[in-house]
Amino acid sequence: MIAQDETPLFTQFTAPGSLPDGLSAALADCWTEVSDAGGAAGFPFPPVDPAEVAAAVDRIVTGLDPASSRLVVATVDGALAGWLCLRRDTHPLVAHWGTLHHVQTRLGVRGRGIGAGLVRRARAIAREEMGLEQLRLAARGGVGLEEFYGRLGWREVGRWPGALRLAADDDRDEILMVLTPL
């Protein structure tokens with residue numbers, strides 16, 4: 001368990017071989033926990049299959065590349081508290097912007113600023129290291145994410161009504177957001 005007074009450490013990884021032992025498993029455990037609680041994109045119907053989550057984490061890790069895909073993690077006293085992916089398409093038409101994916105924090109550390117810290121760290125990496133001019137993301141409607149990101153300077157630029165079907169009677173908007181300038 002992470003103590004209330006611990007300060008998070010934010011670290012980025014830019015290559016598949018750079019992750020310390022156990023981090024991939026911790027990422028999958030976090031993603032499973034968050035998905036089973038009804039959050040995190042990628043696995044809409046809890047409970048999720050841990051093997052599917054581990055395979056998805058492996059795809060993210062093997063795709064890490066300093067130019068196009070970075071993993072940002074938050075740890076507290078050595079334990080994973082949250083993580084996200086920052087990606088860009090290197091095609092010249094769109095290479096000036098990036099996208100945040102899989103922004104998530106462990107349930108036990110919510111409300112402590114770790115998610116906000118991850119997003120701020122990704123913003124700094126995007127601007128200072130990747131030379132990006134804007135960031136984009138798509139968030140699930142109906143859970144207050146637009147307010148969370150709004151407090152961090154993001155603005156809603158559109159919605160795809162009913163784009164996400166979480167259950168037979170639970171369609172949610174996909175909210176399109178942008179952060180510019182970085």
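Is Trp-154 buried or exposed in this predicted model? Trp-154 is buried, with a relative accessible area of 4%. The close-ups below start from its aromatic surroundings.

**View 1. Phe-148 and Tyr-149 meet edge-to-face.** A search of the whole structure turns up three aromatic pairs. In one of them, Phe-148 and Tyr-149 have ring centres 4.9 Å apart, with 75 degrees between the planes. Phe-148 is partly exposed, its relative accessible area being 22%, whereas Tyr-149 is buried at 5%.

**View 2. Tyr-149 also pairs with Trp-154.** Here the centres of Tyr-149 and Trp-154 lie 5.8 Å from each other, and an angle of 65 degrees between the planes makes this pair edge-to-face. Trp-154 counts as buried because its relative accessible area of 4% falls under the 20% cut-off.

**View 3. One aromatic cluster takes in Phe-148, Tyr-149 and Trp-154.** If you are following along in the structure, Tyr-149 is a handy residue to centre on: Tyr-149 pairs with Phe-148 and with Trp-154.

**View 4. Gly-150 sits in helix H4.** This helix covers residues 145–151. Gly-150 is partly exposed, with a relative accessible area of 35%. From Gly-150 to Leu-179 the C-alpha to C-alpha distance is 9.3 Å, while 29 residues separate the two in sequence.

**View 5. Arg-136 places its charged end over the ring of Trp-97.** For anyone who enjoys a cation and a ring in one frame, the distance from the charged end of Arg-136 to the centre of the Trp-97 ring is 3.8 Å.

Methods
Residues numbered from 1 in each chain as written. Predicted model: local features only at pLDDT ≥ 70, side-chain atom pairs only at ≥ 80, totals over all residues. Heavy atoms only, no water. Phe/Tyr/Trp six-rings, centres within 6.5 Å; stacked < 30°, edge-to-face > 60°. Buried < 20%, exposed > 50% of the residue type's maximum accessible area, 1.4 Å probe, protein only. Lys NZ or Arg CZ within 6 Å of the ring centre and 35° of its normal. Helix = DSSP H or I, 4+ residues; strand = E, 2+ residues; numbered from the N terminus.
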